[in-house]
Amino acid sequence: MQARKIGVLLGGLSSEREVSLRTGEAVLAALRARGHDAVPIYVDHDVDVALRQEQIDLAFIALHGRWGEDGCIQGLLELLGIPYTGSDVMASALAMHKGKAKELFRLHNLPTPAYYALHASEAADLAGVHGDFGYPCVVKPIREGSSVGVAICHSEAELAAGVERALCFDDELLVERFIAGKEVSVAILGDRALGAVEIAPREGFYDYANKYTRGATEYFVPPRLSPERYRGVLAQALRAHVALGCHGATRVDMIVSDSGNEFVLEVNTVPGLTPTSLLPKIADAAGISFGELCELMLAGASLATRRGNGERRVLQRTYVGDDRREAAHTH
């Protein structure tokens, strides 16, 4: 049987290009170390040409942010008939748009902080729009990742500054109630919660710098939660993954409030796979090495259009150490 040629898509055109390059290079090295014929595909405006030239059989998506995590590259791969890792076009687009994701969380009775959407055209009347929403609050570009453009605001002046900065990244923002508590991220793989990590930045909140600077943040795997609360966090995260129709590996970001309640913030459909990333930390604690994690993500590569045409999804059981996992494959 001829070996499949795998294209690792990295780089991209978003504000997270540098992180994507690090993720892609790590994945490329891991796949090659495990004997795969893997090639890098550096994504720019000519990505369709590169994909046709390389003649790959599968795409491992290592793109973060716009055009890579929001359904755009997934749609192109569907058109070209190239199976790819992760969620399909619809789930990717919904998860990337923080407002639409929160609407679905509420529809599925998942707890999520109170919020409102703010368009650039409304920024002139910020005090009127914000009204009695109160402080502190969190301002986020509605279609960005890696905490790009995020600010925690404690006053009207800070809100105005936060909105002005966030509008540099998107013309639509999300203003969300700030919840004091533990930041927790849950890893989902193959429709199963692998575990979670508690994130404790040494200074400030888990912004871009704290995410990608070694030593800037402490991590606790598992989180410092009671067994009952930990089970609740895993269950809510899996429900969020399912609510958006996600596939493969995702990372669900949550807050466990000081009063002990869980809140879903967002679902990341292309989690980072850099040395400081959360998904590999959680997988490692579950007994899954980085190479095995990449292998399992690759095994889930598929085309949504083919799944929709009645192809069978066969459940394949794989074992790593003493841990039993199940991964769905399309045939």
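Here are legends for three close-up views of this predicted model.

**View 1. Helix α1 crosses helix α11.** The two helices in this shot are α1, residues 17–33, and α11, residues 290–299. Their axes come within 9 Å and cross at roughly 90 degrees. With 65 to 115 degrees counting as roughly perpendicular, α1 and α11 therefore get that label. On the α1 side, the contact is made by Ala26, Val27, Ala30 and Leu31; α11 brings in Phe290, Gly291, Cys294 and Leu298. Sorted by class, that's 7 nonpolar residues, 1 polar and no charged ones.

**View 2. The largest cavity has a volume of about 100 Å³.** Searching the whole structure turns up 2 cavities of 30 Å³ or more, and this view shows the largest. Its lining includes Ile61, Gln74, Thr85, Gly86, Ser87 and Ser92. Gly248, Ala249, Thr269, Val270, Pro271 and Met297 also line the largest cavity. There are no charged residues in this lining: the split is 5 nonpolar and 7 polar.

**View 3. The second largest cavity comes in at about 70 Å³.** Here the lining is made up of Glu69, Ala95, Met96, Lys98, Glu144, Gly145, Glu266, Val267, Asn268 and Thr269. Two elements, α4 (89–96) and β12 (262–268), each give two or more residues to this lining. Strand β12 supplies the largest share, with 3 residues. By class, the lining of the second largest cavity has 3 nonpolar, 3 polar and 4 charged residues. Look out for Thr269, which lines this cavity and also turns up in the lining of the largest one.

Technical notes: Residues are numbered from 1 along each chain as its sequence is written. This is a predicted model: local features need pLDDT of at least 70, side-chain atom pairs count only at pLDDT 80 or more; totals for chains, interfaces and linings use all residues. Side-chain values use heavy atoms; hydrogens and water are left out. Axes are lines fitted to C-alpha atoms, for helices over the stretch in contact, and angles run from 0 to 180 degrees between N-to-C directions. Helices (H or I, at least four residues) and strands (E, at least two) are DSSP runs, numbered from the N terminus. Angles under 35 degrees count as roughly parallel, over 145 as roughly antiparallel, 65 to 115 as roughly perpendicular and the rest as oblique. Contact means heavy atoms within 4.5 Å. Ala, Val, Leu, Ile, Met, Phe, Trp, Tyr, Cys and Pro count as nonpolar, Asp, Glu, Lys and Arg as charged, and the others, Gly among them, as polar. On a 1 Å grid over the protein atoms alone, a cavity is a set of points where a 1.4 Å probe fits but cannot get out, and a pocket is an open set with protein on both sides within 12 Å along at least five of seven lines; lining residues have an atom within 4 Å of a point. Grid points are joined across faces, edges and corners, and a volume is the space filled by probe spheres set on the points.
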